[in-house]
Each structure stands twice: as structure tokens, then as C-alpha cells.
Amino acid sequence: MITIDPTAQTDHENYKLLIGSVIPRPIAFVTTLSQEGTLNAAPFSYFSIVASQPPLLSISVQRKAGVIKDTTRNAIDRGELVIHITDESIIEQVNLTAANLAPDESEVDRTQLTPVPSDLVAVPGIKEPKIRMECRLEQVIPLGGTGEQPACDLLIARVVRFHIAEDVYENGRILAEKLNPISRMAGHDYTKLGEKFILTRPE
């Protein structure tokens, strides 16, 4: 085994080890709305489930030189966001939204994706993904870096409405083989759903 002290490495060197080790990572495609009404969209692979009662999701949004990103600022200002699951049918369009644009420019305008009204939040969702979840912001936790300049913002989002395509839903369950989710690897690499197997937990 190779033993590495993270404090003896640069942030970028630690980053490469993390994104190469914690794989595959599901991709949250997030829409938020600025106070001026601009629809922001961006993908995030630091994404997971927090709880089911109530349904909570987490997204870690990295800062750049201590400056919060549009997604974080909009989510804080509005208290709302919409989280979509990235699948094979939309990955190329989602990738286009990763561009660094000014806050008053909508990433959705660079794609062929279709904004749709939400039921319970003011933030529009996107029609094409097979799963989208309307969320209210539960909590924001600045983490990492220093007290004066955190490295990221951990967004905890409460799901208030699920929208699921009929072909991926059956008896209360999601059919992964119909969802065809895309996950992030290291660098520019992505992966599709691989081989599944069953392993029963011990009693």
C-alpha cells in the first residue's frame, strides 16, 4: 500500500485522489432562479441522499477563491431549487450547462432543454430528465477552507414534490435500467449503469 499524508499535498493533488476514489458519483442537475429572474442550471457530482423522513438531499457546491457560485446564492436568496437526475438522454445537454457564465446569463439558453413550471416552488424545472424533484432549502453549511474563506457550501434540500416519468416507475420503485443514469468518474470520464447483482444483508 502507498501511504499519503493529505497535509503534505496540494489541494489539487488531494482532489485527484478523492474524485478517483469515490466513484461512480451520481450527477445532480440543479436549476435555481436569481432574484432578477434568470434561470440558472448546473451539474454537481458531490451529491447524495441525507434522509428519507423527511426526504433530504445534499449537494456540495465548491467555491472559487472563496466566492459562492450562482447556484448557492440563488438557493439562499429564494430558498428553493429543483434537482434532476442526469441520464443518458440528456448528458450532453447537461454538460453544456457547466460553462462559466455571468449571473445574468441562463445556461439553459445554450441547450435544447425545456423549462417547465413547478408545482410548489417558483423555480422552473426541466422537462427532459426522467426524474426531477422540487426542493426547498433546508440548510446551508459553509465547510472547508478557513473561517473567513470556506471552500464549499453544503446545501441540504428537502424534496417537496417528485416528478417521475411513467416508464421508470413501477409499484413505488424506480427502474434503474429504464432510468439509465449517468455517473461521474475522474477527469473527463463518465460511466453508464453497469452490471447489477444481488447480495442479501445478514440478519
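Asparagine 180 sits in the loop between H4 and strand E13 (183-184), and it is a good place to drop into this predicted model. Its phi is positive, about 50°, even though the residue is not a glycine. Most residues other than glycine have a negative phi, so this is a backbone setting worth a look on screen. As for its surroundings, asparagine 180 is partly exposed, because its relative accessible area is 24% and the buried class ends at 20%.

There's another asparagine to put beside it. Asparagine 171 belongs to the loop between strand E11 (169-170) and strand E12 (173-174), and here too a residue other than glycine has a positive phi, near 50°. Is asparagine 171 buried or exposed? With a relative accessible area of 74%, asparagine 171 counts as exposed, since the cut-off for that class is over 50%.

Go on from asparagine 180 along the chain and you reach serine 183, which is part of strand E13. Serine 183 is buried: its relative accessible area is 14%, and anything under 20% falls in that class. What does serine 183 touch, leaving aside residues up to four places away in sequence? The contacts are Pro24, Arg25, Pro26, Ile27, Tyr190 and Thr191.

Those contacts make sense once you look at the sheet. E13 is the middle strand of an open, three-stranded sheet with the order E1-E13-E14 and antiparallel pairing. At the edges are E1 and strand E14 (190-191), each of which pairs on one side only. Between E1 and E13 there are 2 bridges, in the antiparallel sense, and arginine 25 faces arginine 184 of E13 across that pairing. As a reminder, strands of a sheet pair through backbone hydrogen bonds, either parallel or antiparallel.

Just ahead of arginine 25 comes a cis peptide bond. It joins isoleucine 23 to proline 24, and omega is about -15°. Proline 24 itself is in the loop between H1 and strand E1 (25-26), and it is also one of the residues that serine 183 touches. Most peptide bonds are trans, so it's worth asking where else a cis bond turns up. One is found from glutamine 53 to proline 54, with omega near -5°.

Proline 54 takes us to a second piece of sheet, as it lies in the loop between E4 and E5. That connection is a hairpin, and 2 residues are all that carry the chain from E4 to E5. The two strands run antiparallel and share 5 bridges; within the pairing, phenylalanine 47 is set opposite isoleucine 59 of E5. E5 also pairs with E10, again antiparallel, through 7 bridges. Serine 60, for instance, has leucine 154 in E10 as its bridge partner. How enclosed is E5? Of its 8 residues, 6 are buried, so the strand is largely enclosed by the rest of the structure.

E5 is a handy guide to the pockets as well. Start with the largest pocket, which holds about 1400 Å³ of space. It is lined by 41 residues, and Tyr15, Phe44, Gln62, Arg63 and Lys69 are the closest to its centre. Strand E5 (55-62) is among the elements that supply at least two lining residues, along with helix H1 (11-21), strand E3 (39-44), helix H2 (70-78) and helix H3 (91-96). H1 has the largest share, at 6 residues. Sorted by class, the lining has 20 nonpolar, 13 polar and 8 charged residues.

Now turn to the second largest pocket, with about 590 Å³ of space. Its lining has 21 residues, and here the closest to the centre are Ile49, Ile85, Ile131, Met133 and Ile174. E5 contributes two or more residues again, as do strand E4 (47-52), strand E9 (131-143), strand E10 (152-164) and helix H4 (176-179). E4 gives the most, with 5 residues. Which classes make up this lining? It divides into 18 nonpolar and 3 polar residues, with no charged ones.

Technical notes:
Residues numbered from 1 in each chain as written. Predicted model: local features only at pLDDT ≥ 70, side-chain atom pairs only at ≥ 80, totals over all residues. Heavy atoms only, no water. 1 Å grid on protein atoms, 1.4 Å probe; cavity = no way out; pocket = protein on both sides within 12 Å on 5 of 7 lines; lining within 4 Å. Points joined across faces, edges and corners; volume = space filled by probe spheres on them. Helix = DSSP H or I, 4+ residues; strand = E, 2+ residues; numbered from the N terminus. Nonpolar A, V, L, I, M, F, W, Y, C, P; charged D, E, K, R; others polar. Buried < 20%, exposed > 50% of the residue type's maximum accessible area, 1.4 Å probe, protein only. Pairing = 2+ DSSP bridges. Contact = heavy atoms within 4.5 Å.
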